[in-house]
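Q: I would like to learn how to read a pair of chains and the contact between them. Could we go through an example together?

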Number of protein chains: 2
Amino acid sequence: MNTPTRLSGVFSPVITPFAQDLSPDPARLIRHCQWLLSQDVGLAVFGTNSEANSMSVAEKMKLLDLLAQAGIPGARMMPGTGACALTDAVELTRHAVGHGAGGALMLPPFYYKGVSDDGLFASYAEVIERVADPRLRIYLYHIPQVSNVPISLALIERLLKAYPGVIAGIKDSSGNWENTKAMLDRFQPQGFDVFAGSESFLLANMRGGGVGCITATGNVNPGPIAKLYRTWQQPDADAQQAALDAVRAIFQSLPMIPALKAAAAHFGGDAGFAAVRPPLVALNAQQKTELMAALAAQGFSMPGWSDSK
Amino acid sequence: MNTPTRLSGVFSPVITPFAQDLSPDPARLIRHCQWLLSQDVGLAVFGTNSEANSMSVAEKMKLLDLLAQAGIPGARMMPGTGACALTDAVELTRHAVGHGAGGALMLPPFYYKGVSDDGLFASYAEVIERVADPRLRIYLYHIPQVSNVPISLALIERLLKAYPGVIAGIKDSSGNWENTKAMLDRFQPQGFDVFAGSESFLLANMRGGGVGCITATGNVNPGPIAKLYRTWQQPDADAQQAALDAVRAIFQSLPMIPALKAAAAHFGGDAGFAAVRPPLVALNAQQKTELMAALAAQGFSMPGWSDSK
């Protein structure tokens, strides 16, 4: 078995299209993944913005099977495989590794709050020991404002020591640059790859020695984000960052996931793409109008997206 | 099909024993359920204190099958069937109803935070419409300090109006008596049955017109809690409540679930009962010693528990 190359660059937590009956829609998902790859953006399928936790384990495994069958390369995928239930996390992670995924993005178990680092260490350790596959590369997923279960620097240190090579990096979605900086300073030199949790920190993360970002807005603005990743050492990098920030601000002014799906629906001429699973709610007509007006004012588009159908 | 009788009384979120390999242990679970029933305590299997969210859907369904096979009556069960994933909640709820469960205790989907009442309404509505079984009785589960997704009075009002009879009541684990009181005043007269989230509020809840409590410490102190439920109109009710509070305070001074399991292990002479799944951690030796000393000082015991093996 080959050890996969370390992941780097821009990844997107791929939004998951749903059919009218709210079942996952593999055809639309495959098309979206292919477009993202064409824009040089990797696939963090089953992330927060994928509504991954609104889907069952079986639904996610089936989608991953279909993506593989469609020729989406595992090496460009970092599926989310963390779960509340130990057995779910093991099953999802094993399945992702079996498909040759370049990494697994792992939330901690997130139901119980105030759990100890001992308990979180044991959670990750059990998954690693049970999956028991030399190809496994875990990216920790720190998103305390949603999971309410933070991943501390002390926990990272302990995991890195126990499972060097397997603990491959982190997505820091805290939005707290001091935290990202601390990870870059302490762990990146040990080969622990730090992804910023959005493109807002992409330039800062690259300047700090990080390896890229994993970002919701990668779903709709992939080309320009990937360009900044490739050219962050160019003189216009700050101007590029400012342009990315302006687009992101528009999506952040609305519920993010419904807004991403509304944009994908609008620019793809495919209204069905806007569907979300409860507890999320699709944008209402006024929100959609506001979104499209703001995007138009920025001259925003999704090049090649409508042709990809 | 018969419509089940409305549930009332004392229920316990039944602690789930695990084998050495952390798989659920049905033999120990059945024994514990039988003992709880012998103490007049009903079975809210798959609650927070059951580590339900640390188990997969398949593990929970299998356990429920085995409980039914062991003769545990569905009418005495209120399984937890809420889940982050719509499809999981539907599958678990349908399965529980299929086993004749007297009710289903449903967490809202709890991954996404700050979701709207529209989204939560849609979540419950989808489950109800998909299960589509006249026997379905849903008890909402309000435990904002863990789920971080509160169930508002406005949401209850809306659900009750849309699904009268199906929306059967609530477990209020907020620990906020004002909230429980508001539910009792506004909704109990409409046949929406309010269970206090612990025995701390059992007497107050009964005096306010509620129907009982669902409580973690029901796992270890079932007889005295059930007695207060039966005799809450007797002159010694306040003294009974004080005695229950004293026992509960001991368990609350430690991590609750590991402490419950440690007590069950100790009084049952069955060390294996203490196992928990990550991210929880079993009590350490010092915590165990403290717990047993405090319980001994109260003259606490679990009558009949060691004989139930």
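**Reading the two chains**

A: Gladly! Chain A superposes on chain B by a rotation of 180° with 0.0 Å of shift along its axis (RMSD 0.0 Å), where the fit is by least squares on the C-alpha atoms of residues with pLDDT of at least 70 in both copies. That is the relation of a two-fold axis. The same surface serves both copies, as 100% of the contact residues of chain A recur in chain B. This is a predicted model, in which local features need pLDDT of at least 70 and side-chain atom pairs count only at pLDDT 80 or more, while totals for chains, interfaces and linings use all residues. Residues are numbered from 1 along each chain as its sequence is written, with chains lettered from A and ligands numbered from 1 in the order in which they are written.

Q: How many residues does each chain bring to the contact?

A: Two residues are in contact if their C-beta atoms, placed from the backbone, lie within 7 Å. Here chain A supplies 33 residues and chain B 33 residues.

Q: Which element gives the most to the side of chain A that touches chain B?

A: Helices are DSSP runs (H or I, at least four residues), numbered from the N terminus. α4(A) gives the most, with 6 residues.

Q: Is Met206(A) buried or exposed?

A: A residue is buried with 20 or more other C-beta atoms within 10 Å of its own, exposed with 12 or fewer, and partly exposed in between, with C-beta atoms placed from the backbone. Met206(A), in helix α8 (residues 202-207) of chain A, has 18 other C-beta atoms within 10 Å, so it is partly exposed.

Note on methods. Helix = DSSP H or I, 4+ residues; strand = E, 2+ residues; numbered from the N terminus.
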